[in-house]
Amino acid sequence: MRLINRHPDRSSRLLLVLLPFALLLLAYFVGSAERLAENPNDKLLPSAGQMSDAVKRLAFTADTRTGEYLLWQDSAASLRRLAIGLGISALAGLCLGMAAGTLPLFGAPLSPLLTVLSMVPPLAILPILFIAFGLGELSKVMLIVIGITPCLARDLEQRAREIPVELLVKAQTLGASTWTLMLRVVLPQLLPRLLISLRLMLGSAWLFLIAAEAIASTDGLGYRIFLVRRYLAMDVILPYVVWITLLAWLMDWGLKALTRRAFPWYEGARA
């Protein structure tokens with residue numbers, strides 16, 4: 001049988017999923033053990049015990065200065081900013097994508113503008129955002145919005161252009177107005193694609209959030225990572241990176257499950 005036609009069964013699939021993670025962990029802990037054997041004070045590759053102690057200190061021991069549990073405080077602050085930024089971006093991207101992909105009079109000016117805006121490196125304009133919006137919450141949220149909205153809008157615009165013309169013609173034949181056409185024909189086709197696009201943009205959204213928190217913030221996951229880097233506290237940095245990755249994966253899984261449940265008819269929901 002050709003390799004391209006071979007599919008793993010359920011148990012084999014689970015093994016194949018876990019194998020690369022197991023190999024990465026094995027390589028890390030072997031390297032950590034060797035470095036700590038040579039130098040017990042080495043901070044580059046902390047042991048599992050050192051990272052466990054750091055997690056207990058940050059997640060389950062109240063901070064002596066603020067009385068807060070730092071890991072959960074940082075997580076709540078970052079997730080709040082991310083949720084607001086993603087929500088605004090989703091709404092703006094959906095409206096712009098619908099308009100650019102369905103209405104020719106709006107698409108003519110919007111499509112080139114979205115293309116240009118999507119090419120602007122968001123991190124390059126971070127100083128401008130801090131000057132324009134200050135160092136508070138707004139600038140961090142705006143970085144996420146500016147960073148992913150044009151890409152979301154372009155993706156939804158393309159999806160809107162792929163809607164069969166026959167559907168639009170039939171709806172107009174049945175007396176649908178432009179507003180009805182947008183709400184009853186175009187919008188249902190774009191909503192599942194919006195969720196998939198958000199999944200694809202999650203990594204970028206986290207990147208912009210961490211960058212903004214690292215430069216100007218008093219809490220958040222990115223703030224904590226860049227705060228302890230001056231002490232070479234890899235026992236804190238690595239668990240925080242793993243925690244961010246886990247949160248991002250859970251968000252991706254949630255959006256995927258929502259797409260399957262809400263739009264089972266959509267082909268991309270099976271991806």
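**View 1. Contacts of Trp-206 in the predicted model.** In this predicted model, Trp-206 touches Leu-79, Leu-82, Leu-221, Ile-244, Leu-247, Ala-248 and Met-251. Residues up to four places away in sequence are not counted among these contacts.

**View 2. The largest nonpolar core.** This core holds 53 residues. Ile-148, Trp-206 and Leu-221 touch the most other members. Eight helices are named as suppliers of at least two residues each: H2 (48–59), H3 (70–102), H5 (126–133), H6 (137–161), H7 (165–173), H8 (178–215), H9 (221–228) and H10 (234–262). H8 gives the largest share, 18 residues. Another core lies apart from this one. That core has five residues, including Ala-99, Ala-100, Leu-110 and Ala-153.

**View 3. Ser-204 on helix H8.** Ser-204 is found in helix H8. Its relative accessibility is 26%, so Ser-204 counts as partly exposed; the class runs between the 20% limit for buried and the 50% limit for exposed. Ser-204 and Pro-104 are 100 residues apart along the chain. Their C-alpha atoms are separated by 30 Å.

**View 4. A nonpolar surface patch with Leu-26.** Leu-16, Leu-19, Leu-23, Leu-26 and Val-30 form a nonpolar patch on the surface. Together they have about 460 Å² of accessible area. Leu-26 lies in helix H1, which covers residues 10–38. Leu-26 counts as exposed because its relative accessible area is 53%, and exposed means over 50%.

**View 5. Segments annotated as transmembrane.** An unreviewed UniProt entry gives the annotation "transmembrane region" to residues 82–106, 113–135, 190–210 and 231–251. Two of these segments are described here. Over residues 82–106, the chain is 96% helix and 0% strand. The end C-alpha atoms of residues 82–106 are 29 Å apart. Over residues 231–251, the chain is 86% helix and 0% strand. Here the end C-alpha atoms are 31 Å apart.

**View 6. The annotated domain, residues 75–259.** The feature "domain: ABC transmembrane type-1" is placed at residues 75–259 by UniProt, in an unreviewed entry. In the model, residues 75–259 are 85% helix and 0% strand. The end C-alpha atoms of this stretch are 25 Å apart.

Key
Residues numbered from 1 in each chain as written. Predicted model: local features only at pLDDT ≥ 70, side-chain atom pairs only at ≥ 80, totals over all residues. Heavy atoms only, no water. Patch = residues over 30% accessible without salt bridge, like charges linked within 9 Å, V, L, I, M, F, W, Y side chains within 5 Å. Areas by Shrake-Rupley, 256 points an atom, 1.4 Å probe, with all protein chains shown as cover. Salt bridge = Lys/Arg side-chain N within 4 Å of Asp/Glu carboxyl O. Helix = DSSP H or I, 4+ residues; strand = E, 2+ residues; numbered from the N terminus. Buried < 20%, exposed > 50% of the residue type's maximum accessible area, 1.4 Å probe, protein only. Core = buried A, V, L, I, M, F, W, Y, C linked by side-chain atoms within 4.5 Å. Contact = heavy atoms within 4.5 Å. UniProt positions renumbered as here; feature names shortened; annotations may be inferred.
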